[in-house]
Each structure stands twice: as structure tokens, then as C-alpha cells.
Amino acid sequence: MTLPEPATGRSDIVETEVGSVFVSNYPPYSAWSPSHLPALKKVLASAGDQNADLGLYVHIPFCRKRCKFCYFKVYTGKNSNEIKTYMAGLLKEVDTYASKPVFKDRPLRFVYFGGGTPSYLSVAQLRDLVSGLRKRFDWEQLEEFSFECEPGTLTKPKVYALKDLGVTRLSLGVENFDDEILSNNGRAHVTTEIDRVLPWIKDADFPMFNLDLIAGMVGETSEKWSKTIDRTIEVAPDSVTIYQMELPFNTVYSSAIRDGDDHEHFANWSTKRRWNQEAMERLEEAGYVRSSAYTMVKMEKKGRPFVYRDALWRGADMMGTGVASFSHVGGIHYQNLSSWGEYLETIDRGELPLQRALETSNEDRFIRQFILQMKLGELHVAHFVDKFGMNPVKKFEHELSQLRERDFLTFDDERIQLTMKGLMQVDTLLPNFYDAPYKGARYT
Ligand SMILES: C[S@@+](CC[C@H](N)C(=O)[O-])C[C@H]1O[C@@H](n2cnc3c(N)ncnc32)[C@H](O)[C@@H]1O
């Protein structure tokens with residue numbers, strides 16, 4: 001018997017087509033529904049597991065411009081009053097969380113400001129927001145405060161204010177070091193803006209400085225990509241995250257393709273994987289080691305974990321605040337309302353802005369953590385046996401053997417390890433491990 005095709009089918013489709021996915025959770029979002037909200041409300045009112053790790057995600061949905069490849073919930077035309085209303089809404093949402101028995105009095109282990117563009121906010125707005133959050137939850141045991149930035153929105157005072165506010169991991173969305181590529185793909189920033197902010201970031205000396213790149217932006221060539229890698233190595237961030245260009249349904253590019261207006265050339269998957277691999281290998285030569293399928297970290301920072309990622313991929317509780325944010329508590333996944341008006345009106349009534357949820361089984365959680373940890377490139381069997389009483393090598397023996405035959409991974413009784421070939425297309429391999437009802441299901 002051979003393995004069924006992965007749900008995305010992407011490992012065999014060479015062209016980049018609309019509908020590809022970056023697997024960020026399990027079971028697929030399409031299975032989440034309002035019918036599970038009563039179960040969530042029960043958990044929110046219970047004492048829950050007070051010792052489980054807890055994090056806070058804050059969604060800042062504002063951007064200067066919408067990138068043509070962006071699939072996140074973002075707004076580009078909000079005025080300062082609307083931003084003020086949103087910030088007040090965020091704090092009110094966190095207030096409501098602070099009154100829920102399941103979260104009340106629990107210390108935060110990690111805070112993540114994502115977007116959109118958190119660095120779009122002014123220094124004054126950031127100071128108000130962070131001090132408001134600190135008043136509502138205990139930050140004393142915080143291990144990490146991550147913050148996403150777009151180069152053109154940073155000023156010197158803002159960079160130092162971020163350091164002062166306690167940001168420990170600053171992530172810069174560089175994406176590429178070629179101006180023509182940046183502008184053709186709808187990025188708001190230009191390379192002179194990257195060059196301007198780098199000395200401030202270096203000088204502020206954040207414990208972790210991450211730089212994001214995308215392999216396969218429209219207009220990319222092998223020569224230009226090689227220059228982007230040269231420049232990245234010169235900049236020498238603590239870590240480099242490389243995504244391969246995805247075309248989920250809700251991007252500007254995807255709509256143009258669906259409308260038959262697809263004049264752009266998208267690199268195919270094998271080219272993107274080759275570029276991605278080249279970057280990883282060059283970074284390795286420059287003294288970086290692997291931290292996940294997407295991230296390389298400088299050898300000397302290897303011991304410094306990426307708390308947000310590792311805690312989430314191991315099943316931590318997280319309050320996701322802001323429009324359309326995702327959360328998890330006590331085995332229940334849920335998502336906030338994704339319309340601006342409904343989100344704010346619900347908070348105004350003193351309620352959590354809940355849209356849909358999914359109550360997971362022990363097996364769902366086992367599969368979720370298994371597939372997310374596959375993205376780390378290495379899994380330890382004992383961790384799963386201790387935590388879930390299930391052995392992944394036994395449960396997935398057939399799937400793992402088939403993937404081993406195709407050189408995607410190796411395994412024995414103790415661990416599973418992805419090969420470079422497996423790492424470069426890990427998202428296409430994961431649906432093989434989905435439970436039957438979710439195989440072939442729409443992802444979002
Ligand atoms: C939520 S975005 C925020 C970026 C931030 N607003 C900025 O402008 O730098 C985080 C990262 O996701 C990646 N990303 C966004 N859309 C993508 C796509 N379609 N394919 C691959 N990576 C993508 C980019 O590398 C980006 O830096």
C-alpha cells in the first residue's frame with residue numbers, strides 16, 4: 001500500500017498554485033465551529049491547570065501597505081482615532097481575560113506582538129499598551145517578549161523604546177535585499193530603510209535579533225537570491241527565518257490569478273526549495289546551526305530557545321488578543337471574531353470576542369504536537385510516550401517507513417529526524433499524519 005497523497009498535493013505539483021498552506025495548527029481551522037463555544041466557556045470559568053505555561057499574543061493589524069503575498073488580517077487605511085479605539089479594545093479584552101478563573105493570577109511566560117506591523121504604532125502608543133498589559137498580568141516570570149517590525153516604520157527612538165519596554169526578541173521583516181523585488185511584491189520598505197535601522201538595532205543589543213526572508217518572491221533570480229544571502233550573512237543577525245513563498249487563497253496575488261489576471265511569474269516549488277537549501281547551507285558555513293525547518297540560529301545563541309514557538313508547539317495555553325487572533329486553553333482551540341466592527345462591539349459589551357472553537361481529544365493533541373515538532377526537524381519518542389502514553393513510531397510506523405523510503409526522514413526507537421530534503425518541504429508531509437476525517441479537508 002502506498003501513502004495517500006498529502007492534502008496539499010504540493011510535493012508532486014511543481015508549479016506554485018493558489019491554495020498552498022503553511023501548517024500552523026491542527027486539527028485544520030475548517031473544523032473549528034461556533035458549536036464548540038459552550039465547551040470553551042466552561043473551561044474559561046474553571047480553575048484549569050494553573051501550572052501550564054501561559055503566553056499572550058497581541059495582534060496589531062495595521063500596515064503601511066498590504067504586501068501582495070500577505071494572508072494575514074491587516075488594515076492599511078485606519079486613522080489615528082480608529083487605532084486609539086482598537087488599542088482601548090485590546091486592553092479591555094485583556095481585562096476580561098484577567099477576570100476569567102482559568103487565566104486569573106497566572107504569570108505570563110511569553111508575550112508576542114505580531115501583525116500586521118506592531119512597529120507601525122508610535123512610541124507613546126506602545127508605552128501605553130505595554131504598561132496597560134503589565135498592570136493586568138504578571139510579567140515577573142516572563143522569559144521572552146517578541147516583537148515584529150517592518151523596517152520603514154522604525155525610528156531611532158522607537159528602537160530604543162522597544163529595548164526599554166523589555167523586548168527580548170526583535171524580528172525584522174526584510175524579506176529580500178533587492179529594491180525592485182521589494183517594490184514589485186508590494187512591500188512598503190526599501191533597502192535604504194533596512195540599512196538605516198540596522199545600526200540602531202545592533203546598538204540597542206536585543207538578546208535575539210531575527211531577520212525574515214522569503215525565497216521565491218516575484219522577480220527572484222538565482223543571482224539576486226545569492227546576493228540577498230551574502231547581505232544577510234554580512235548583517236549577521238542572531239537568527240534568520242526563511243519562508244518559501246506561499247499563495248494561500250486570500251492574497252492579492254491569489255485573487256489576480258483567480259481573476260485570470262496572472263501576469264506574474266512564480267518560481268516553482270523545486271526552485272524555491274533549492275534557494276531555501278542554498279541559504280541554509282551558506283548560513284551553516286557562516287556559523288549558524290538549525291533551529292527548525294525555517295530558522296537558522298548563530299552557534300553562540302543556540303542555547304537560547306525561541307520560547308513562543310517551543311511553548312506553543314508543546315501545547316502551552318495562549319490568550320490571543322486582537323481581531324481574528326488564535327488562542328488555546330485547556331485543550332480547546334479558538335479564534336476571535338474577524339470583523340473589525342463585531343470584534344470591537346463585543347468587547348465593548350464586556351464579553352470576549354469569540355468566533356469559533358474546537359474541543360480537541362487527547363489523540364488530536366498528540367497529532368498536533370507531533371506534526372508541529374516535525375517542523376523542528378527532530379523528535380524524541382520518549383517525550384510523546386511520557387506525555388500522551390502513545391508512541392509515534394508505533395502509531396505512524398507505516399507512514400514513517402514510506403517517508404523514509406522517499407528520503408524525507410530517518411527514525412529508530414528513540415527519535416525521528418528529517419533529512420534536508422524532508423525539511424525543505426515539511427509542510428507537504430504533515431497531512432500524512434492527520435486523522436482520517438481531516439485528510440483532504442480544506443485547511444482554513
Ligand atoms: C505576519 S508577517 C509580518 C511582517 C511585518 N509586518 C513586516 O512588514 O515585516 C510575518 C512574516 O510572514 C512571512 N510571510 C508573509 N506572507 C507570506 C507568504 N505568502 N509566503 C511566505 N511567507 C510569508 C514574511 O516573512 C513576514 O515577515
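Which residues are the closest of those that surround the ligand? That was my starting point today, and I kept in mind that this is a predicted model.

**Entry 1: around the ligand**
I found 19 residues surrounding the ligand, and the closest are F69, E150, G173, D212 and Y243. Next I checked which elements give two or more residues to this shell, and I got β2 (110-115), β4 (169-175) and β5 (208-215). I also sorted the shell by class: eight residues are nonpolar, six are polar and five are charged.

**Entry 2: two helices**
I moved on to helix α2 (residues 80-98) and helix α3 (residues 123-136). Their axes come within 10 Å and cross at roughly 10°. Angles under 35 degrees count as roughly parallel, so I wrote down α2 as roughly parallel to α3. On the α2 side, the contact is made by M87, L90, L91, V94, D95 and A98. On the α3 side, I listed Q125, D128, L129, G132, L133 and R136. By class, this contact has seven nonpolar, two polar and three charged residues.

**Entry 3: two domains**
I looked up the domain assignment too. It gives domain 1 as 1-21 + 362-444, in two pieces of the chain, and domain 2 as 29-310. How far apart do the C-alpha centres of domain 1 and domain 2 lie? I noted 25 Å. The contact between them takes 22 residues from domain 1 and 22 residues from domain 2. On the side of domain 1 that touches domain 2, I have 11 nonpolar, six polar and five charged residues.

Definitions and conventions:
Residues numbered from 1 in each chain as written. Predicted model: local features only at pLDDT ≥ 70, side-chain atom pairs only at ≥ 80, totals over all residues. Axes fitted to C-alpha atoms, helices over the stretch in contact; angles between N-to-C directions. Helix = DSSP H or I, 4+ residues; strand = E, 2+ residues; numbered from the N terminus. Parallel < 35°, antiparallel > 145°, perpendicular 65-115°, else oblique. Contact = placed C-beta atoms within 7 Å. Nonpolar A, V, L, I, M, F, W, Y, C, P; charged D, E, K, R; others polar. Domains from an automatic or database assignment. Near = placed C-beta within 6 Å.
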